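Visitor: Hi! Could you walk me through this one? I'd like to hear about helix packing and pockets.

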Amino acid sequence: MDRFDEISLQRIKDLSELYYLVKELILYWEETNPEQKADLQVINELRNAFDHLMRAFAAKFDVNKHEDSGYVAGQIDKAFGHVYRAGYDTLDWIGLNCKLYISEELTGFSNETINTVIPQYYRTIKPELEEFNETFADLRQKKDIGNPNLENMLAYISAVKTIREHQKNIIRLKPSLIEHETKKRHAEKKTLTIGFVIGLVCVIVAFLLGFFLGPTSNSPQEAKSGPQVLQNYAPMTLQKETKTGSNLPGDTLGHTESKKQLTPNPTTK
Amino acid sequence: MTNHSLYGLSNECKFGIRGITLILEEFKKKIGRLVEGEVWDREYGEVSIDDATRESAQRYASRCRCSVRIAKGLFYTDHEKDIELKRLREIRLP
């Protein structure tokens, strides 16, 4: 049996490290998934990775003879790609679930409360989370996982861990959020009550002023029919086909002129 | 130790990697092949997961060893996965 060459050994080492990271992600996802469901496509990726790894071993141990010197390294690379894909799919799930969790925790709180209690939410947490999810949405849309390498995976995992910390912070600050929101609602209710009372007082004062300082009538007829000023402003009605002219003094021709005009309501005089 | 004679193979070549390779070759010749083509170079088929898969997994769970989640049918079908991912993507943060 020949030993693995240096390149293949390095790739196997990378694969082992990646697998360790991805396994941690899958375990975390299984623990935190709200529906407690498994994603069989992730398991399928690991199955395919194992297949490529076994092809590499088979070639190395001459179970499956290959003349191509790069065959072993190529198979290890393919296994790496499948493990990477499993990790990437799991990261996508974790990121989206973090978003769901944070969204549910903050539902019902006003933007002002969130900004006061968690000042970094609108500055860092939300933009980071949106950016993370957009990155994964873009990659998914392109059906491309980019360049599968350990550095990318470490960067994604680091982002997930930061989001997880934010999530923990939000849970820790939830009592403060509730307290602030309650105080804010009490203050709003108080302001509303004070406004209503002031408005009511104004109406009462205006009514009393009108009652005591308003115009007084001396004649009994005026008092009965109302002030003269009001009579002049009797409601105007639109009269159709009013015959005018013949009723007017000095209209000797007696012709009628049909026109529409606004006249004071005669009943009010 | 496996008794290779049970499978109609010689019991002489059972030690070491080379020995196992010989067994495999002998097996291929005597027993024959189940699938066409070179097994090593063939990919596994695409896995399609639907409600029928869930039903089968639950029905045959007692006959084979598998994870508890799969035995209980706690996995996403392809359709459910698409719907759930879409729902999660549409969630807006406050």
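Guide: Happy to. One term to begin with: a crossing is left-handed if the near helix is turned anticlockwise from the far one by less than a right angle, and right-handed if clockwise. Helices are DSSP runs (H or I, at least four residues), and strands are E runs of at least two, numbered from the N terminus. This is a predicted model, where local features need pLDDT of at least 70 and side-chain atom pairs count only at pLDDT 80 or more, while totals for chains, interfaces and linings use all residues. Residues are numbered from 1 along each chain as its sequence is written, chains are lettered from A and ligands numbered from 1 in the order in which they are written, and side-chain values use heavy atoms, with hydrogens and water left out.

Visitor: Thanks! Which way do α3(A) and α6(A) cross?

Guide: α3(A) passes α6(A) in a left-handed crossing. Among the residues in contact (heavy atoms within 4.5 Å) are A:Phe80, A:Tyr84 and A:Leu91 of α3(A), and A:Met153, A:Tyr156 and A:Ile157 of α6(A).

Visitor: How do the residues of that contact divide by class?

Guide: Into 17 nonpolar, 3 polar and 1 charged. Here Ala, Val, Leu, Ile, Met, Phe, Trp, Tyr, Cys and Pro count as nonpolar, Asp, Glu, Lys and Arg as charged, and the others, Gly among them, as polar.

Visitor: And at what angle do α2(A) and α3(A) cross?

Guide: At roughly 165 degrees, and their axes come within 8 Å. Axes are lines fitted to C-alpha atoms, for helices over the stretch in contact, with angles from 0 to 180 degrees between N-to-C directions. The pair α2(A) and α3(A) is therefore roughly antiparallel (over 145 degrees; under 35 is roughly parallel, 65 to 115 roughly perpendicular, the rest oblique). The crossing of α2(A) and α3(A) is left-handed.

Visitor: Switching topic: what volume does the largest pocket have?

Guide: About 610 Å³. A pocket is an open set of points on a 1 Å grid over the protein atoms alone, where a 1.4 Å probe fits, with protein on both sides within 12 Å along at least five of seven lines; lining residues have an atom within 4 Å of a point. Points are joined across faces, edges and corners, and the volume is the space filled by probe spheres set on them.

Visitor: Which residues are closest to its centre?

Guide: Of the 20 lining residues, the closest are A:Gln41, A:Glu45, A:Arg85, A:Asp89 and B:Lys81. By class, the lining has 3 nonpolar, 5 polar and 12 charged residues.

Visitor: Which element gives the largest share of the lining?

Guide: That is α4(B), with 6 residues.
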